[in-house]
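Student: I have a structure open and would like to talk it through slowly. Could you help me get started?

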Amino acid sequence: MNAATLSGELVVSGLRKWYHRRDQAPVHVLEDCSFRIEPGKLTVVMGTSGCGKSTLAYILSGYIKPDEGQVQMDGQPVQGPGPDRIMVFQETALWPWMTVTENIVFGPLARKSVSRKEVTQKALELLRKFGLSEFKDKYPGQLSGGMKRRAELAQALINSPKVMVLDEPFRGLDVMTRELMQEYYIKLFEETRLTTVFITSELEEAIFLADRILIMGNAPSRIVSSLEVDLPRPRTFDVLASERYLEIKKEALEVLFSESMQQAD
Amino acid sequence: MEASWWKNRKFWLMWAGYTGAVVLWYASVKWLPIESFNRLPDPWTVVWEWFNPNPAFGISIFTPNYYVHILYSVYRATSAFALAVLLGVPLGILMGWNRTFNAYASALVGFLRPVPPLAWVPLAILIFPGIEIAVIFVTFLVAFFATVMNTYVGVKSIDPDYFRAAASLGSKPRDVLRHVIIPGALPNIFTGLQIAMGAAWFSLAAGEMIAAQYGLGFLIFEAYNLIQFPTIVIGMATLGIAGFISSAGIRVMGNRLMRWREQSFGLKG
Ligand SMILES: Nc1ncnc2c1ncn2[C@@H]1O[C@H](COP(=O)(O)OP(=O)(O)O)[C@@H](O)[C@H]1O
Ligand SMILES: [Mg+2]
């Protein structure tokens with residue numbers, strides 16, 4: 001893809017968010033959270049568990065509204081969910097009652113954007129690319145964790161979104177599968193250069209994948225630090241042994257450490 | 001290998017259970033020193049009567065009347081059940097889908113549901129033209145509440161991410177209903193139908209005892225009035241068989257509609 005077609009810039013300004021629950025004090029999750037997601041870049045958002053990462057992801061995707069502040073995509077305020085900003089959920093959201101292929105073609109068919117024949121064709125291509133051809137008529141319950149995640153990526157990509165929001169997509173996978181998925185995913189990103197917000201709580205995963213890492217503080221949370229990851233692309237696991245990787249890791253650890261010290265105070 | 005061994009074991013346990021029940025029956029009727037028990041027929045007498053071309057009390061598998069009673073009961077149970085499904089599933093879905101509607105409906109359902117079905121009988125007879133409809137209505141009522149409640153719970157228990165995913169992919173309410181709500185609630189709906197069918201037979205038998213000219217419940221009650229013990233037991237056993245067949249039928253249909261569950265749980269990895 002060339003630079004001219006790149007779009008999917010997100011500008012987030014002054015988000016504040018509380019959760020209100022009956023008979024409980026409101027939970028203050030986000031406080032004056034502002035940042036920018038560059039088009040065509042892979043931005044990783046990192047933070048400890050419970051700091052509000054999923055909440056942020058839901059707001060970016062338009063599923064929930066912030067109490068204050070705004071998200072703009074390519075200059076337009078985000079009003080609700082839509083196929084130009086697709087989220088891959090923390091837990092699998094493949095519909096267990098549809099086969100893998102049915103899951104993938106659902107979006108385009110629901111929007112009636114193309115004919116069934118055309119979508120199915122496209123779905124089969126994606127499945128081949130994702131190494132799932134043999135599983136096209138299986139149900140999600142018959143897939144392994146890694147295969148489910150790949151099927152979800154296919155389900156999202158078939159809609160040609162401008163932004164992908166991935167909420168800890170590889171959490172819960174075993175270490176081997178996780179590394180395979182990371183390698184797999186980085187290839188996919190480097191091929192498509194789709195604007196991506198990737199949420200994780202793992203530092204190594206963050207550095208390996210990111211162009212930029214945004215670190216969230218503790219709740220009520222904002223972006224407390226931003227790190228450029230200037231490791232060369234295309235990346236392989238070899239970068240994990242490079243000098244620069246270790247420097248970045250050290251820098252990140254310092255930020256995370258001082259952040260957790262502040263919490264202890 | 002292992003599975004078939006298990007199956008066999010289960011099969012034998014089941015037969016041991018049946019045999020035990022019959023022995024217990026025989027023993028309590030023949031050997032217990034309680035007079036009222038001794039008047040009851042033993043298993044052999046019942047079977048003899050049931051399969052006798054010339055039954056002592058007029059009801060056996062060779063008498064047309066037996067089938068008239070069965071047909072009446074089956075007809076009532078089926079039509080009450082069908083009505084319950086036709087009205088209960090859409091109502092349950094609406095309640096699960098739309099909060100405002102739920103607020104109205106749950107007040108009504110919550111108010112009417114605790115009324116025991118038999119308490120409706122007198123009112124139903126007075127309201128409806130003819131006893132037939134009254135009996136069906138009472139049967140319908142319990143089946144209806146079981147269907148509504150389980151359908152509602154089914155819709156509510158669908159993971160919100162399934163709705164979010166559908167919304168983000170740009171689906172319209174019709175797609176959400178057809179591809180998310182109905183299949184997502186189906187397991188619970190079928191649990192509801194099983195319960196509804198059981199409840200339908202239960203209240204049908206009771207309704208027929210109170211107000212009917214035909215049907216298995218009526219047969220049992222009439223035999224009671226005439227002190228025809230074997231016929232009572234025949235009526236009871238026939239009700240049991242009918243209930244068993246209908247609930248097996250629902251299970252088979254559910255499994256066919258929810259193949260994804262069988263496949264998902266059957267095959268791992
Ligand atoms: N729907 C909700 N209602 C009330 N509190 C919530 C809700 N969702 C999340 N929270 C709370 O908000 C905080 C942030 O949650 P979340 O965004 O899921 O964090 P993370 O994804 O970083 O673990 C947590 O304390 C969580 O308990
Ligand atoms: Mg989360």
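Tutor: We can go through the contact between the chains, then some salt bridges, the metal site and a few backbone details, keeping in mind that this is a predicted model.

Student: OK, how many residues of chain B are in contact with chain A?

Tutor: On the chain B side there are 21 residues in contact, and they meet 25 residues of chain A. Between them the two chains bury about 2,200 Å², and 64% of that area is on carbon and sulfur atoms.

Student: And which residues in chain B lose the most area to chain A?

Tutor: Those are B:Tyr162, B:Leu169 and B:Trp260, which together make up 31% of what the chain B side buries.

Student: Which helices of chain B supply at least two residues of that side?

Tutor: Helix 8 (160–168), helix 9 (173–210) and helix 12 (259–266) of chain B each do so. The largest share comes from helix 8 of chain B, with seven residues. If you sort the residues of this side by character, you find nine nonpolar, eight polar and four charged.

Student: What is the count of salt bridges between chain B and chain A?

Tutor: That count is zero, although eight residue pairs are in polar contact between the two chains, with both residues at pLDDT 80 or more.

Student: How many salt bridges are there over all chains, then?

Tutor: A search of the whole structure finds 22. One of them joins the side chains of A:Glu9 and A:Arg36, with 2.6 Å from N to O. A:Glu9 lies in the segment before strand 1 (10–19) of chain A and A:Arg36 lies in strand 2 (27–37) of chain A, so this pair ties together parts that are 27 residues apart in sequence.

Student: How accessible are A:Glu9 and A:Arg36?

Tutor: A:Glu9 is partly exposed, with a relative accessible area of 22%, and A:Arg36 also counts as partly exposed, at 38%.

Student: Where does the side chain of A:Arg16 meet A:Glu31, in what kind of pair?

Tutor: They meet in a salt bridge of 3.0 Å, N to O. A:Arg16 is in strand 1 of chain A and A:Glu31 in strand 2 of chain A, 15 residues apart, and the pair links distant parts of the chain.

Student: Is A:Glu31 buried or exposed?

Tutor: A:Glu31 counts as buried, because its relative accessibility is 18% and buried means under 20%. A:Arg16, at 24%, counts as partly exposed.

Student: What else does A:Glu31 touch?

Tutor: Leaving aside residues up to four places away in sequence, A:Glu31 touches A:Leu15, A:Arg16, A:Pro220, A:Ser221 and A:Arg222. In addition, a polar contact of 2.9 Å joins the side chains of A:Glu31 and A:His28.

Student: Back to chain B for a second: which side chain does B:Arg76 meet in a salt bridge?

Tutor: B:Arg76 meets B:Glu132, at 2.6 Å from N to O. B:Arg76 lies in helix 4 (64–97) of chain B and B:Glu132 in helix 7 (131–156) of chain B, so the pair ties together parts that are 56 residues apart in sequence. B:Arg76 is buried, with a relative accessible area of 2%, whereas B:Glu132 counts as partly exposed at 27%. Elsewhere, salt bridges that share partners join A:Glu38, A:Lys41, A:Arg212 and A:Glu228 into one network.

Student: New topic: what are the protein donors of the magnesium ion?

Tutor: The magnesium ion (ligand 2) has A:Ser54, through OG, and A:Gln90, through OE1, as its protein donors, and they lie 2.0 to 2.4 Å from it. A:Ser54 is in helix 1 (53–61) of chain A, while A:Gln90 is in the loop between strand 6 (85–88) and helix 2 (100–110) of chain A, 36 residues apart. A:Ser54 is partly exposed, at 22% relative accessible area.

Student: Last thing, the backbone. Which peptide bond is cis?

Tutor: The bond from A:Arg233 to A:Pro234 is cis, with omega near -5 degrees, and A:Pro234 is found in the loop between strand 10 (223–228) and helix 7 (243–264) of chain A.

Student: And where is A:Asp23, and what is its phi?

Tutor: A:Asp23 is in the loop between strand 1 and strand 2 of chain A, and its phi is near 60 degrees, a positive value in a residue other than glycine. A:Asp23 counts as exposed, at 77% relative accessibility. A:Arg193 has a positive phi as well, about 50 degrees, and lies in the loop between helix 5 (175–192) and strand 8 (195–200) of chain A.

Key: Residues are numbered from 1 along each chain as its sequence is written. Chains are lettered from A and ligands numbered from 1 in the order in which they are written. This is a predicted model: local features need pLDDT of at least 70, side-chain atom pairs count only at pLDDT 80 or more; totals for chains, interfaces and linings use all residues. Side-chain values use heavy atoms; hydrogens and water are left out. Contact means heavy atoms within 4.5 Å. Buried area is the accessible area (1.4 Å probe) that two parts lose on being put together, summed over both. A salt bridge is a side-chain nitrogen of Lys or Arg within 4 Å of a carboxyl oxygen of Asp or Glu. A polar contact is a pair of N or O atoms within 3.5 Å; within protein, one must be able to donate a hydrogen and the other to accept it, and residues adjacent in sequence count only if both atoms are side-chain atoms. Helices (H or I, at least four residues) and strands (E, at least two) are DSSP runs, numbered from the N terminus. Ala, Val, Leu, Ile, Met, Phe, Trp, Tyr, Cys and Pro count as nonpolar, Asp, Glu, Lys and Arg as charged, and the others, Gly among them, as polar. Buried means under 20% relative accessible area, exposed over 50%, partly exposed in between (1.4 Å probe, protein chains only). Donors are N, O and S atoms within 2.8 Å of the metal (3.2 Å for Na, K and Ca); water is not among the atoms, so sites may look incomplete.
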